[in-house]
Amino acid sequence: MKRELRVIVVDDSVLLREGLVRLIDEAGHRVVGAAGSGDELHALLADTEADIVLLDVRMPPTFRDEGVTAALRVRAEHPSVGILLLSQYVEGQYARELLGSGNGGVGYLLKDRVSSLSELESAIERIADGGTVLDPEVVSQLLGRRRDPLDSLTERERDVLELMAHGRTNQAIAAALFVGTGAVEKHVTSIFQKLGLEDSGSDHRRVLAVIAYLQR
C-alpha cells in the first residue's frame, strides 16, 4: 500500500488551484493546504506539516519569480519538503536556481504538458522520495545554455560589461565610451537578455552579469 503524501497547492488561479486539489485527491494523496501566494504558503507551513509543495512560478504581486523565491525559501527553512514547480513557460534561470544546491526532492513541469493524472502522481511520488523530475523542454533549454552566453555579446556590449565589472555607473560608462547614457542603458538591457537574467524587480542582475564576466 502506497503512503499518503501531504501536499500543499499554491497557485493564484482559483480554477487551476482547485483543479490540482481534485487531481491530488484522486491520486490518493491528501491536500493539507491551498494558497494563492508565497506569503500564504509560508503561513501555512508554519502550522502545517507537508511532504511536498506544488507552486506556480509566476504569482502576485509582480507575476515574475514569486513562486521560485517562495520555493527557495521553503528549501532553506524546510529542507525535507519536496518542491514541484508548475509553469506555463520554460524558465531556465529559475530551474537552475532551484537545482543549484544539487539536492533532490525537486521538480519542474510545464502545465500544458502534464497529460495525465498518473504523470502528475508519479512526479509527486518521485519528488517526495528525493528524486528530481524535469520536463524535457526544461532539460533542453538547460543543456542549450551550457555554451558561454558571453560569446553572444557584441564588442561594444563587452566593453560596457567590462566597465560594469570595474564598478562604473551607466553615466560613467557613457563618458568613458563617448556615447549617451541612453545608449549605455540599451546595451545593459541587451546584456541582461543575452545572459538570461530575468527582471525580478531588483538590481541584482547587474551583480550577476559582472559575476558571469569575472568567472570566465
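Colleague: Is glutamate 4 buried, partly exposed or exposed?

Modeller: In this predicted model, glutamate 4 counts as partly exposed, at 45% relative accessibility.

Colleague: Which residue forms a salt bridge with glutamate 4?

Modeller: Arginine 30 does, and the closest N and O atoms of the two are 3.1 Å apart. Glutamate 4 is in the segment before strand E1 (6–10) and arginine 30 is in strand E2 (residues 30–35), so the salt bridge ties together parts that are 26 residues apart in sequence.

Colleague: And what is the relative accessible area of arginine 30?

Modeller: The value for arginine 30 is 39%, which makes this residue partly exposed.

Colleague: How many salt bridges are there in the whole structure?

Modeller: The search finds nine. Among them is one between arginine 6 and glutamate 49, with the closest N and O atoms 3.0 Å apart. This pair links distant parts of the chain, 43 residues apart: arginine 6 belongs to strand E1, while glutamate 49 sits in the loop between helix H2 (38–47) and strand E3 (52–56).

Colleague: What else does the side chain of arginine 6 meet in a salt bridge?

Modeller: It meets the side chain of aspartate 51, at 3.0 Å from N to O. Aspartate 51 lies in the loop between H2 and E3 and arginine 6 in strand E1, so this pair ties together parts 45 residues apart in sequence. Arg6, Glu49 and Asp51 are thus linked in a network of salt bridges.

Colleague: Where do those three stand, buried or exposed?

Modeller: Arginine 6 is partly exposed, with a relative accessible area of 23%. Glutamate 49 is exposed, at 59%, whereas aspartate 51 counts as buried at 15% relative accessibility.

Colleague: A change of topic: how much space lies in the second largest pocket?

Modeller: About 210 Å³ of space lies there. The pocket is lined by 13 residues, and the closest to its centre are Leu16, Leu20, Leu23, Lys111 and Val114.

Colleague: Which elements give two or more residues to that lining?

Modeller: Helix H1 (14–26) and helix H5 (117–128) do. H1 gives the most, with three residues.

Colleague: How does the lining divide into nonpolar, polar and charged residues?

Modeller: Seven residues of the lining are nonpolar, three are polar and three are charged.

Colleague: Now helix H10, please. Which of its residues are buried?

Modeller: In H10 (residues 204–214), the buried residues are Arg205, Ala209 and Val210. They lie on the same side of H10, because they cover an arc of only 135 degrees around the axis. In an α-helix there are 3.6 residues a turn, so residues three or four places apart point the same way.

Colleague: What is exposed on the other side of H10?

Modeller: Val207 and Leu214 are exposed there.

Colleague: And which helices do the buried residues of H10 pack against?

Modeller: They pack against helix H7 (155–165) and helix H9 (181–194).

Colleague: Glutamate 157 lies in helix H7. Is glutamate 157 buried or exposed?

Modeller: Glutamate 157 counts as buried, at 5% relative accessibility.

Colleague: What is glutamate 157 in contact with, leaving aside its neighbours within four places in sequence?

Modeller: With those neighbours set aside, glutamate 157 is in contact with Ser152, His187, Ser190, Ile191 and Lys194.

Methods. Residues numbered from 1 in each chain as written. Predicted model: local features only at pLDDT ≥ 70, side-chain atom pairs only at ≥ 80, totals over all residues. Heavy atoms only, no water. Buried < 20%, exposed > 50% of the residue type's maximum accessible area, 1.4 Å probe, protein only. Helix = DSSP H or I, 4+ residues; strand = E, 2+ residues; numbered from the N terminus. Arc of directions from axis to C-beta. Contact = heavy atoms within 4.5 Å. 1 Å grid on protein atoms, 1.4 Å probe; cavity = no way out; pocket = protein on both sides within 12 Å on 5 of 7 lines; lining within 4 Å. Points joined across faces, edges and corners; volume = space filled by probe spheres on them. Nonpolar A, V, L, I, M, F, W, Y, C, P; charged D, E, K, R; others polar. Salt bridge = Lys/Arg side-chain N within 4 Å of Asp/Glu carboxyl O.
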